[in-house]
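Please open the model in a viewer and keep the sequence panel beside it. The tour below proceeds by selection, one stop at a time.

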There are 2 protein chains.
Amino acid sequence: MADTNHKQVSVAEFFEKNRHLLGFNNPAKALLTSVKEAVDNSLDACESAKILPEIFVKIQEMGENRYKLIVEDNGPGLPKKVLAKAFGSLLFGSKFRSTGGKQGRGQQGIGISAVIMYGQLTTGKPAIIISKTAKEKQARHHKLHIDIKTNEPDIVESTSKDWTKDHGTRIEVIMEGKITKAKQSPYEFIKQTAVVNPHADMEYIDHEGKKHKFPRVSNKLPKAAKEQKPHPHGVEFGIFKRMSKSTSARSVKSFLTKDFDKVGSGTANAILKAAEIDGRTMPKLLDDDQIHSIHKSIAEAKIMNPSTDCLSPIGNEALAKSLESEYDLEFVKSVTRRPTVYRGFPFQVEVAIGYGGELDAEGSVTMNRFANKVPLLYEEGSCAITKAIKGISWRSYGLSNSSGSMPTGPAIIVVHIASVWVPFTSESKAAVSNYPNISKELKLAIQECARSLQQYVKRKQRAGLEEEKRKKFRGYSSEVAIAVAKLISNESYKIAKKDIDKTAEPIQEKLLATAETMYASGKEIDEGEEENDE
Amino acid sequence: MADTNHKQVSVAEFFEKNRHLLGFNNPAKALLTSVKEAVDNSLDACESAKILPEIFVKIQEMGENRYKLIVEDNGPGLPKKVLAKAFGSLLFGSKFRSTGGKQGRGQQGIGISAVIMYGQLTTGKPAIIISKTAKEKQARHHKLHIDIKTNEPDIVESTSKDWTKDHGTRIEVIMEGKITKAKQSPYEFIKQTAVVNPHADMEYIDHEGKKHKFPRVSNKLPKAAKEQKPHPHGVEFGIFKRMSKSTSARSVKSFLTKDFDKVGSGTANAILKAAEIDGRTMPKLLDDDQIHSIHKSIAEAKIMNPSTDCLSPIGNEALAKSLESEYDLEFVKSVTRRPTVYRGFPFQVEVAIGYGGELDAEGSVTMNRFANKVPLLYEEGSCAITKAIKGISWRSYGLSNSSGSMPTGPAIIVVHIASVWVPFTSESKAAVSNYPNISKELKLAIQECARSLQQYVKRKQRAGLEEEKRKKFRGYSSEVAIAVAKLISNESYKIAKKDIDKTAEPIQEKLLATAETMYASGKEIDEGEEENDE
């Protein structure tokens with residue numbers, strides 16, 4: 001009677017069927033996700049090896065709704081023993097951490113293998129992987145599939161060949177895809193990636209063979225993110241317990257001070273005292289109740305905020321410079337906030353606002369969202385960044401918006417959130433969850449930029465207004481002068497009608513000179529006068 | 001230089017960190033998700049064994065933000081050799097299919113293990129599993145954890161005990177949780193589950209010890225969903241290729257006719273002819289290009305829509321009856337649409353609308369969404385069902401709404417989508433994706449119910465209007481009669497002033513009688529008269 005047809009499903013089988021969870025919902029989004037995963041991978045590889053990235057992307061049309069994606073980098077290359085698995089097995093990689101970690105683009109070791117899986121699902125073609133480390137003489141060429149049932153690479157062909165590159169990695173995947181011209185195109189993704197990665201040199205050849213160059217703007221590698229121990233406030237019970245069982249520390253006290261961030265001897269003593277645990281106890285000997293007491297007293301303990309050198313922000317100068325190099329703007333302001341914390345994870349918000357120039361004065365402002373230097377192109381509506389922008393009353397900052405909607409005006413708002421662990425709303429990593437601390441920081445950062453924008457816009461409006469007044473004044477000056485001349489002709493001066501024009505001339509000159517001086521000195525005309533003016 | 005710290009991450013490790021993907025975002029949602037996964041599991045188990053389900057759910061407070069969830073069913077029980085893995089290993093189960101399949105609540109073999117994993121993560125406590133099949137004398141008791149690193153059950157204690165039940169399964173999991181009183185409470189979930197599962201008997205004891213009973217409304221088990229072969233139009237290339245390599249069929253032709261739904265000899269011949277493949281070829285010998293030709297000619301071939309006996313709708317009568325048993329209503333209309341297809345998967349939409357009675361006349365209507373008989377309580381905004389309801393202009397159906405928003409009025413709208421493969425927007429399975437065919441069917445089904453509602457509301461409004469007129473008429477009849485009497489007193493009849501009242505009496509009587517007859521016969525008063533009335 002019972003249904004005993006039970007079996008274990010591989011993670012590859014699961015994600016093949018549920019590939020929408022990874023961002024492969026439809027051909028257009030799948031192609032974009034593939035570009036994103038490959039470029040993320042390349043940038044991460046270069047930065048971890050302290051190499052200034054040179055990235056080449058090409059999308060080649062292979063038939064109806066069929067494209068070959070090529071991504072090549074000058075990264076360190078992957079050693080032979082992990083190369084096939086890094087691309088041919090889901091959840092195999094170097095980036096996954098249950099706790100702690102450092103800021104990176106990819107976080108799970110799932111992205112690039114999913115691209116290969118998607119190519120194979122839709123076209124059946126194997127992927128081509130070429131990689132060479134500086135130590136190796138030749139590059140290794142793999143042609144491989146992913147064996148879905150076992151989640152292992154299935155190498156069809158493997159050879160060694162000369163390569164002009166000293167080190168690097170290149171992948172080629174043929175897949176079903178669709179190119180959109182919308183905001184969510186590969187071109188837009190690469191352009192936005194260039195904006196927030198000013199140290200990267202990127203080249204993109206699109207499906208029509210058109211070459212787009214995004215040259216390096218800064219020769220400085222971003223501050224490298226450091227690997228970080230977990231902060232005790234971000235560690236849940238189950239993980240805390242697991243750590244206590246597998247630690248190499250010989251006492252609970254050294255377990256706390258060595259395996260966690262920001263726990264010194266004093267803090268450890270306080271935690272253990274509150275939990276009524278002897279600090280000399282071996283961690284492995286703690287029973288569940290004891291572990292619970294410690295975990296609970298950690299939650300109640302005052303512990304310094306986590307170290308923030310695991311973060312690698314873009315930097316406000318680099319961000320402003322990069323934005324200016326991609327867009328022709330009148331005004332740019334950027335802000336990098338100090339790092340702060342949610343759920344024990346440090347994070348940092350950066351915002352830049354550009355205004356005027358080539359930007360469209362009609363319609364909504366352009367919003368570019370980034371997480372760990374990766375552009376977010378989908379799920380705009382559910383993202384904390386969008387919500388933060390919509391939640392601001394832009395009228396007081398020189399733009400306009402009706403309550404709860406995107407502001408309108410000639411502006412671009414760039415928001416970047418950097419974190420060891422960005423809380424995405426889904427594994428397609430397109431939107432940031434609405435954690436209160438994150439929302440608050442986002443709002444403060446945006447408002448800080450917006451205040452500068454407001455001053456600029458106000459100054460500009462005033463300059464515009466004054467220029468207009470000056471024009472009006474000049475335009476009417478002759479009539480005013482004549483009127484004045486007439487006025488005085490009828491009164492004490494008794495000027496003859498035929499002489500009015502003659503009399504008006506010097507009056508007009510005088511009027512104009514006074515006006516020029518007045519505007520040049522910046523003297524304000526107060527509200528009352530303004531109204532009379534009209 | 002290269003980052004060689006590569007390792008394989010278990011699927012348990014991945015989902016422990018990414019548990020928001022499975023619906024464990026926060027304590028309130030996690031508790032609800034746990035109830036849902038356990039109840040889904042129990043209902044599926046009972047139905048697959050053709051047992052009328054009796055399900056007991058209890059949530060017991062164990063401390064601050066800590067609850068024990070108990071779910072017990074009279075299902076077939078699980079045999080010893082799969083019991084531990086079914087609960088202690090993610091992606092182990094009997095329901096996952098790459099293609100084809102049948103309608104079920106759980107689809108992945110991931111839900112109930114995730115509940116246990118969440119309990120362990122937040123409280124460290126092992127889960128208790130009790131199960132007995134009819135064949136066994138005693139029930140097996142397991143106390144188990146999930147070993148996160150290996151994704152295998154870690155059995156702490158295993159015993160056999162007598163059990164009053166002949167067969168069934170019970171689980172107990174202690175977890176961090178939070179009870180909300182909102183629309184997303186366990187109570188609401190169970191109540192809604194009862195509505196769409198009229199054959200289930202459910203009992204719920206909430207955290208305050210209050211007992212809620214949801215008795216069985218129908219003794220008829222729903223039509224069992226049949227396991228179905230995949231329809232060729234829903235099979236992607238990579239899966240098609242894999243099937244061709246692992247089929248037991250000895251010729252391509254029999255591969256097509258035996259392994260797929262709706263492919264007879266004629267259809268297979270047509271497909272193979274268009275692909276220029278000899279039907280006698282052994283499937284295993286096909287090369288990539290040949291497989292491609294066949295796959296392509298399948299896409300272009302006319303093939304009958306998939307069989308729909310893999311679906312198990314609630315049925316419109318059962319749905320209406322169930323809705324009436326849970327709510328006190330004036331009007332109910334339900335519709336079960338004929339099955340149709342998206343991406344090769346059959347699906348079917350059912351809608352019921354209830355009106356009036358205990359429902360609140362102010363504010364938005366109540367909307368209950370279901371997929372495969374499971375209430376959907378989260379992500380309302382991104383669900384195709386919500387979008388379909390909001391997209392209708394309700395003013396013409398007796399309710400009201402401003403463009404693009406939920407209708408308002410005393411109504412409840414129940415929408416159920418049944419499918420072999422419901423395309424959820426995420427693995428937390430709370431919202432249905434917006435596939436065009438699905439959206440269209442949803443709209444048609446809702447509109448069909450809405451037309452009946454419109455007739456009812458119109459009739460009710462007219463009845464109300466007439467009653468009001470009748471009241472007014474009665475109220476004014478004495479004045480009218482007097483006026484008439486006065487009128488005639490001044491004219492030909494010459495009635496004395498003191499006799500006016502006497503004369504008016506029979507006039508009033510006559511007026512009232514005429515009015516009664518008029519309203520009773522349903523004779524309409526045309527618009528012109530209506531307006532004069534006021």
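Helices (H or I, at least four residues) and strands (E, at least two) are DSSP runs, numbered from the N terminus. This is a predicted model, in which local features need pLDDT of at least 70 and side-chain atom pairs count only at pLDDT 80 or more, while totals for chains, interfaces and linings use all residues. Residues are numbered from 1 along each chain as its sequence is written, and chains are lettered from A and ligands numbered from 1 in the order in which they are written.

**Stop 1: a loop residue in chain A**

Select Gly398(A), which lies in the loop between α11 (384–390) and β16 (411–419) of chain A. Is Gly398(A) buried or exposed? A residue is buried if 20 or more other C-beta atoms lie within 10 Å of its own, exposed if 12 or fewer, and partly exposed in between, with C-beta atoms placed from the backbone. Gly398(A) has 24 C-beta neighbours inside 10 Å and therefore counts as buried.

Next, add Leu453(A), Gln454(A), Val457(A) and Lys458(A), with which Gly398(A) is in contact when its neighbours within four places in sequence are left aside. Two residues are in contact if their C-beta atoms, placed from the backbone, lie within 7 Å. Then select Leu512(A): its C-alpha atom and that of Gly398(A) are separated by 32 Å, the two residues being 114 residues apart along the chain.

**Stop 2: chain A as a whole**

Colour chain A by secondary structure; 14 helices and 16 strands appear. Of its 534 residues, 48% count as buried. Among contacts in chain A between residues at least 6 apart in sequence, 71% join residues at least 24 apart.

**Stop 3: the two copies**

Show both chains. A turn of 180 degrees and a shift of 0.0 Å along the axis lay chain A on chain B with an RMSD of 0.2 Å, where copies are superposed by least squares on the C-alpha atoms of residues with pLDDT of at least 70 in both. The two copies are thus related as by a two-fold rotation axis. In chain A, the C-alpha nearest this axis belongs to Val11(A), 3.3 Å from it.

Now select the interface: 51 residues of chain A are in contact with 50 residues of chain B. On the side of chain A that touches chain B, the elements giving two or more residues include α1 (11–17), α4 (111–123) and α6 (237–246) of chain A. Because 98% of the interface residues of chain A are also interface residues in chain B, the copies meet through the same surface.

**Stop 4: elements that meet across the interface**

Select strand β1 (residues 7–8) of chain A and strand β4 (residues 92–93) of chain B, which run antiparallel and are joined by two bridges. Strands pair if DSSP finds at least two bridges between them. Here Gln8(A) stands opposite Phe92(B) in β4(B).

Move to α6(A), where Phe237(A), Gly238(A) and Ile239(A) meet Gln120(B), Leu121(B), Thr122(B) and Thr123(B) in α4(B).

**Stop 5: the sheet of chain B**

Select the eight strands of chain B that form an open sheet in the order β7-β6-β5-β8-β3-β2-β9-β10, with mixed pairing. β7 (152–161) and β10 (211–214) of chain B stand at the edges, each with a single partner strand, so one side of each is left without a neighbour in the sheet.

Finally, select strands β2 (residues 54–63) and β3 (residues 66–73) of chain B, which run antiparallel and are joined by eight bridges. Glu61(B) stands opposite Tyr67(B) in β3(B).
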